[in-house]
Amino acid sequence: MSRVYLYIILMAVVTYIIRALPLTLIRREIKSRFIRSFLHYVPYATLAAMTFPAILSATDYLISSVVGFAIALLLAFNKKSLLTVASVSCLAAFIVELFLR
Amino acid sequence: MSGSSKHEFFEGCHDAIPICLGYIAVSFAFGIEASKIGMTTFQAAITSLLNVTSAGQFSALDVIARNGSFIELAILQFIINLRYMLMSTALSQKLSSSVGTMKRLAISYGVTDEIFALSVLRKGELKPPYSYGLIVTSVFGWVFGTVLGAFSGQIMPQRLISCLGLAIYGMFIAIIIPDTRTSKAVLGTVVSAMALSSIFTYVPVIAEHISSGFRIIIITVIVAAAAAYFAPIKEDEGGDVA
């Protein structure tokens, strides 16, 4: 079973190096306007791509996911806090599923 | 710790509560899968503690289950987690240049999609204690959920697990949507990324050949580069990546 620990350590090392290299090596402010703009848009692009369409299969039923998604959009558009958006959309999906089971 | 460091730390802990809840749901599923392939609860927990990466860990289970090669596992993790390099680069611009190497190494441990999102969109400079707060709360949820899942897939009722799956996405939405009201470029970025992501997911030929980790990298690079080209940020937006 010790092979399992080798797997675990190997993947941890690879993943950590990826995370640590830029943070430790890039100390200066990047001057290029293009790269600065690019980095500005990275989180929006990444999170949007990760959210949709994956959110449609986040719960056991498409309909509860869609309702949760809609509620989250509505609340976020009205600038509610992270905790509010996350918990109310979960609650909405939960209520929808109460009717489904 | 000084008063303001403490304040930053607890603010980080507080802000990470949705991450913690979402992580419990996701890592619970990981714990169940890990025990299915014969890993012990301890091994599953250590995996979560050392890696803190959902896509990476789930994909690794497949390699471990069939006794795959170490090279394969290393390449797989590298590709799936390559997006952390983009995130880490963006974060490097949020830190004051006076932040030392040890602190940077500590912050690096917690570069996940969710922690990154909260860190990079925080107004002003990123203070290390804030990151530590985010990391402690999030990793607690990640490991706790793994242990619960590995220990017994029956502890939590399925209908609760099902709904908790939305928590992480709800948080992502809360992060990206408010800025679409004030910036057309951000709106365009969000909509294009979602559209591309749908194409990559549903068009059969593409979906079969591109892993989800790679998909995110490709979309991020294309969309963020296009946005940077067509709508470069103003210079006075300065060191603030938000």
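These are my notebook entries on a predicted model with chains A and B.

**Entry 1: the domains of chain B**

I started with the domain assignment, which splits chain B into domain 1 (3-167) and domain 2 (183-242). I then looked up the spacing: the C-alpha centres of domain 1 of chain B and domain 2 of chain B are 23 Å apart.

**Entry 2: where the chains meet**

Next I turned to the contact between the chains. How many residues does each chain bring to the contact? Chain A brings 63 residues and chain B brings 84 residues. On the side of chain A that touches chain B, the elements giving two or more residues are α1 (2-25), α2 (33-51), α3 and α4 (82-100). I wanted to know which of these gives the largest share. That is α2(A), with 18 residues. I also sorted this side of chain A by class, and got 42 nonpolar, 10 polar and 11 charged residues.

**Entry 3: α3(A) against α10(B)**

I picked out helix α3 (residues 62-77) of chain A and helix α10 (residues 158-176) of chain B, whose axes come within 9 Å and cross at roughly 30°. Angles under 35 degrees count as roughly parallel, so I noted α3(A) and α10(B) as roughly parallel to each other. The crossing of α3(A) past α10(B) is right-handed. From α3(A), the contact uses A:Ser65, A:Gly68, A:Ala72, A:Leu73 and A:Ala76, and from α10(B) it uses B:Leu166, B:Gly170, B:Ile173 and B:Ala174. By class I logged six nonpolar, three polar and no charged residues for this contact.

A reminder to myself for reading such lists: an α-helix has 3.6 residues a turn, so residues three or four places apart point the same way.

**Entry 4: α4(A) against α10(B)**

I kept α10(B) in view and moved on to α4(A). At what angle do α4(A) and α10(B) pack? The angle is about 145°, and the axes are 7 Å apart. The crossing of α4(A) past α10(B) is right-handed. On the α4(A) side I found A:Leu82, A:Val85, A:Ala86, A:Ser89, A:Cys90, A:Ala93, A:Phe94 and A:Glu97. On the α10(B) side, the contact residues include B:Arg159, B:Ser162, B:Cys163, B:Met171 and B:Ile175. B:Leu166, B:Gly170, B:Ile173 and B:Ala174 are in this list, and they are also among the residues that meet α3(A). The classes in the contact of α4(A) with α10(B) are 14 nonpolar, three polar and two charged.

**Entry 5: α4(A) against α2(B)**

I then followed α4(A) to helix α2 (residues 17-36) of chain B; their axes come within 8 Å and cross at roughly 30°. The under-35-degree cut-off applies here too, so α4(A) and α2(B) are roughly parallel to each other. The contact joins A:Leu82, A:Leu83 and A:Ala86 of α4(A) to B:Ile17, B:Pro18, B:Leu21 and B:Gly22 of α2(B). I counted by class again: six nonpolar, one polar and no charged residues. A:Leu82 and A:Ala86 appear in this contact, and both also touch α10(B).

**Entry 6: A:Ile26 and α6(B)**

A:Ile26 is in the loop between α1 and α2 of chain A. Beyond its neighbours within four places in sequence, A:Ile26 is in contact with B:Thr89 and B:Ser92. I also checked its surroundings: 18 other C-beta atoms lie within 10 Å, which means that A:Ile26 is partly exposed.

That took me to helix α6 (residues 83-92) of chain B, which is mostly covered, with eight of its 10 residues buried. The buried ones are B:Arg83, B:Tyr84, B:Leu86, B:Met87, B:Ser88, B:Ala90, B:Leu91 and B:Ser92.

**Entry 7: backbone checks**

Most residues other than glycine have a negative phi, and most peptide bonds are trans. I went looking for departures.

- The bond from A:Phe52 to A:Pro53 is cis, with omega near 5°, and A:Pro53 is in the loop between α2 and α3 of chain A.
- A:Lys79 has a positive phi, near 60°. I placed A:Lys79 in the loop between α3 and α4 of chain A.
- B:Val52 has a positive phi too, near 45°. It is in the loop between α3 (41-51) and α4 (54-65) of chain B.

Are A:Lys79 and B:Val52 buried or partly exposed? A:Lys79 has 13 C-beta neighbours inside 10 Å, so it counts as partly exposed. B:Val52 has 26 inside 10 Å, so B:Val52 counts as buried.

Notes
Residues numbered from 1 in each chain as written. Chains lettered and ligands numbered in written order. Predicted model: local features only at pLDDT ≥ 70, side-chain atom pairs only at ≥ 80, totals over all residues. Domains from an automatic or database assignment. Axes fitted to C-alpha atoms, helices over the stretch in contact; angles between N-to-C directions. Helix = DSSP H or I, 4+ residues; strand = E, 2+ residues; numbered from the N terminus. Parallel < 35°, antiparallel > 145°, perpendicular 65-115°, else oblique. Left-handed = near helix turned anticlockwise from the far one by under 90°. Contact = placed C-beta atoms within 7 Å. Nonpolar A, V, L, I, M, F, W, Y, C, P; charged D, E, K, R; others polar. Buried ≥ 20, exposed ≤ 12 C-beta atoms within 10 Å, placed from the backbone.
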